[in-house]
Amino acid sequence: MSKTLPVQKNDYIDVEFEDLTHDGAGVAKVDGYPIFVQGGLPGEKANIKIIKVNKGYGIGRLIQIKEQSHFRVEIAKEDSHKYGGCQIQHISYEGQLKFKENQVRQVLTRIGKLEDVNVHPVLGMEHPWQYRNKAQVPVGEKDGKLISGFFKPRSHEIVDTNESLIQLAEVDEAIQAVKEVCRELGVKAYNEETHKGDLRHIMARYAKQTGELMVVMITRTADLPSKNKLVEEIVSRLPKVKSIIHNINSKRTNVIMGDKTKVLWGSEVIYDYIGDVKFAISALSFYQVNPDQTKVLYDKALEYAELNGDETVMDAYCGIGTISLFLAQKAKKVYGVEIVPEAIEDAKRNAELNAITNAEFAVGKAEEVIPKWYDQGIRADVLVVDPPRKGCDEALLHTIIEMKPNKVVYVSCNPATLARDLRILEDGGYKTVEVQPVDMFPQTTHCEAVAKLVLNS
Ligand code: SAH
């Protein structure tokens, strides 16, 4: 088969990159045959080596750049670029924002078959580094020593590291301190292959507005060896710590957290503010990782909801009630639904904390709970969805089409599923008025966007 292809494995060829894939690889074409090369940028000319040929596309490795893109910048840290999730560190921030805007436009046209949607330029950060308020790192062992850091891509080998380019310094410091304490006290790292050992992951979450830190140790075993000494040392080394949690995950799985958590020390939650709203966040709850941009994102969702105080709003996938409580301040009533019970406990606590009395929360699948509300006669004027990367369940989209809220605000962390879902809503009588991408994840290929849809009259 490969005889008919324009390139062969191990060929060295000169190419010009035309495009970028959604995961940041450069695309070059030889007689129409696409070749994906990590690190290549549109407009650049380069010599590449073909390392793999498939029927429909090839993979190449960058050998030498002959003409550089003006968007190319020096890489600040090689290991973060390779393993640490900062895949587009070689693109200037201006270039990254352009890349994300194009990505949204392209999927809306290609997957969503939407023409002429008003896509705004991406709202970016002033300082697009050290923004993440959370990290969870795998723990392993090398030469008898406990290590933690990044997984090498497509492998389970851990690269030991103490700092990243995109985490808040407090998060890096917390992970490092816990790792050192565990080393000193001889805590055994979990071994995936043998399913033996104790400590699987260390997680740290820092509330930037209040300065409160949570540390979570995730173990295979129900017991955490040297527990008291561990706590004592962590508290003395991390003055900002307010909560030390033990999570138990005894399964053979890639999922990081188990269902069981115990408070080892301090509070079950830490508190943070988004704007004026205060939030309690527990270990198992989802909380946006970029606190500065979260405010930008939620303000946009609020703007798109166009509330005047008379509306009933439903917030599907509400997490700890962040968007719900933001909107409750401007709406008559908000209903939030979320699948994680702990998150709904947090959401209820958060409503109380802010003396918000017009928000109600339910545990369950959005696609099951929202139709029930509808059957009970509850009607939404505005419906907000903020689903995980796989997008909305189709049943939920059909319920929306049946319920006919005047407005839908779609917050998405995956442009491809956003485009797919917008197509279904458009076919069901909605019009996508505008889309605002917000850069929640600088240096990475991840892309967040809010879309405003109105019911066709
Ligand atoms: N809006 C929140 C949470 C968004 S993340 C915020 O901005 O903080 C998506 C949330 O959807 C997660 O909390 C996840 O637990 C929840 N979820 C996933 N599948 C769900 C489903 N089928 N029904 C309801 N919630 C779901």
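These are my notes on one sheet, the helices packed on it, and helix 10, all taken from a predicted model.

Entry 1, the sheet. I looked up the strand order and found an open sheet of seven strands, 9-8-7-10-11-12-13, with mixed pairing. I then asked which strands stand at the edges. They are strand 9 (158-160) and strand 13 (260-266); each has a single partner strand, so one side of each lacks a neighbour in the sheet. Ignoring direction, I noted an average turn of 35 degrees between neighbouring strands of this sheet.

Entry 2, one strand pair. I checked strand 10 (residues 199-207) against strand 11 (residues 212-219): the two run antiparallel and are joined by eight bridges. For A204 I looked up the bridge partner in strand 11, and it is V215.

Entry 3, helices on the sheet. I found helix 3 (residues 169-184) lying across strands 7, 8, 9, 10 and 11, at about 145 degrees to strand 10. Helix 4 (residues 227-237) also packs on the sheet, where it touches strands 11, 12 and 13. I recorded about 150 degrees between the directions of helix 4 and strand 12.

Entry 4, helix 10. I tested the span of helix 10 (residues 415-427): at 1.5 Å a residue, its 13 residues should cover 18 Å, and the end C-alpha atoms are 18 Å apart, so the two agree. I listed its buried residues, among them P415, L418, L422 and L425, and also D421 and E426. What do the buried residues of helix 10 pack against? I found helix 2 (93-110), helix 9 (394-403), and strands 20, 21 and 22. After helix 10 comes G429, with a positive phi near 110 degrees.

How values were computed. Residues numbered from 1 in each chain as written. Predicted model: local features only at pLDDT ≥ 70, side-chain atom pairs only at ≥ 80, totals over all residues. Heavy atoms only, no water. Pairing = 2+ DSSP bridges. Axes fitted to C-alpha atoms, helices over the stretch in contact; angles between N-to-C directions. Contact = heavy atoms within 4.5 Å. Expected span 1.5 Å × (residues − 1). Buried < 20%, exposed > 50% of the residue type's maximum accessible area, 1.4 Å probe, protein only.
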